[in-house]
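Me: I would like a close look at one strand of this protein and its place in the sheet. Please take it step by step, and then set it in the context of the whole chain.

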Amino acid sequence: MRYIIIGAGAVGGAIGGRLAGSGHDVVLVARGAHLAALRQHGLRLTVPDGEFTHRLPAVETPDELGELRPDDVLLLAVKTQHTEEALRLWGRAPVAGGGTAAEQLPLLCAQNGVESTRIALRVFRRVYGVCVWLPATHLEPGTVSAAGAPLTGILHIGRYPHGTDETARAVAADLEASHFEAPVAADVERWRYAKLLANLGNALEAVAGPLEGDDATALFARVRAEGAAVLDAAGLAHVSEEEQRAVRGDKIAQLPLPGVPRGGGSSWQSLTRAAGTIETDYLNGEIALLGRLHGVPTPLNELLQRLADRFAAERRPPGSLPLPDLLRLADEAVASVREP
């Protein structure tokens, strides 16, 4: 199989680099300065076992590859707000032997949130959800770091909306030969909804800095509790924190990497790169949406969604809202719901 990594940023670059390092055929998809750096210098991947440069085909559009191969696997790793654009572009790509990518090829959604698979199933016949536990960073063109050890990450894979098949098992085998654990899960959505709850802290970290200290961790617990209440009201099952810890164990300890500053999560990275967009609408915004659908107030998640979107639009640096100010805004948001 050849892996086409659509969105070779932190997650996509780490997965693509690790697959290439174990001998698999990989194409990276990127744009702008990142694409130029990949073409000129290759992908520089820094991991606990060293720094590796992978000189791989790097493209912006499927036209640059010609007809896709029948054994291609598309791995979508763009932020969810860019999903529709990527699907329109890659779904219509012709495949050797007849048909299009949307008709013939599997699409794996290795993204935060839960909405991307639903969007993808409107276009692609064969869609797979991936629950991504992969601490990775992409701040400079051409460079990606992944600090996890002894595993680079754990990637649960399953058909969307449910089930497994030979493609899922074949991809999992390739990933497990490439420094990942890749459980094949017929109930992958349970894992993805659990990851959604964990990702509700991304916006908090992005606007107010690391989740350190009692006040920050207590606020995150309140934000997560809102999310859990919404999922329960919606009847959406999610894996418990205890089950997650049992699977993860000590398999993905984050180690310091020489020459690589310790950064934050995906939303923090979007603000650091001044990307102009952020995925919060599909994280905290997913909880706000479900809350409105099922009559559950979500003032804290709505607040974080508004703040993160504003930070992204104004290209404000991450962590620039003092935590005391955020705590005050949070209390005001909750109080406004309680008022008659």
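Reply: Start with a single pair of residues: Ile6 has Leu76 in S6 as its bridge partner. The model is a predicted one, and the pair belongs to a longer match between two strands. Strand S1, residues 2-6, is joined to strand S6, residues 72-76, by five bridges, and the two run parallel.

S1 also pairs with strand S2 (residues 25-29), again in the parallel sense and over five bridges. In this pairing, Arg2 is opposite Asp25 of S2. In general, the strands of a sheet pair through backbone hydrogen bonds, and the pairing can be parallel or antiparallel.

Next, the sheet as a whole. Eight strands form an open sheet in the order S5-S2-S1-S6-S7-S8-S12-S13, and the pairing is mixed. The edges are taken by strand S5 (58-59) and strand S13 (180-181); each has a single partner strand, so one side of each has no neighbour in the sheet. S1, in contrast, stands between S2 and S6 in that order.

Now the cover over S1. Five of its five residues are buried, where buried means under 20% relative accessible area. In a regular strand, side chains alternate between the two faces of the sheet. For S1, one side carries Arg2, Ile4 and Ile6, while the other carries Tyr3 and Ile5. Residues on both sides are buried, so both faces of the strand are covered.

The sheet also leads to a small topic, the space inside the protein. There is one cavity of 30 Å³ or more, and the largest cavity holds about 30 Å³. Its lining consists of Gln111, Asn112, Gly113, Val130, Cys131, Val132, Arg192, Lys195 and Asn199. Strand S8 (126-133) and helix H7 (188-199) are the elements that give two or more residues to this lining. S8 is also one of the strands in the sheet order above. Sorted by class, the lining has three nonpolar, four polar and two charged residues.

Finally, the whole chain. Its secondary structure comes to 14 helices and 14 strands. The radius of gyration is 20 Å, close to the 20 Å that the globule rule gives for 340 residues, so the chain is as compact as a globular protein of that length. The C-alpha trace spans about 65 × 45 × 40 Å along its principal axes. Of the 340 residues, 53% count as buried. Among contacts with a separation of 6 or more, 71% are between residues 24 or more positions apart.

How values were computed
Residues numbered from 1 in each chain as written. Predicted model: local features only at pLDDT ≥ 70, side-chain atom pairs only at ≥ 80, totals over all residues. Heavy atoms only, no water. Pairing = 2+ DSSP bridges. Helix = DSSP H or I, 4+ residues; strand = E, 2+ residues; numbered from the N terminus. 1 Å grid on protein atoms, 1.4 Å probe; cavity = no way out; pocket = protein on both sides within 12 Å on 5 of 7 lines; lining within 4 Å. Points joined across faces, edges and corners; volume = space filled by probe spheres on them. Nonpolar A, V, L, I, M, F, W, Y, C, P; charged D, E, K, R; others polar. Rg over C-alpha atoms; globule rule 2.2 N^0.38 Å. Buried < 20%, exposed > 50% of the residue type's maximum accessible area, 1.4 Å probe, protein only. Contact = heavy atoms within 4.5 Å.
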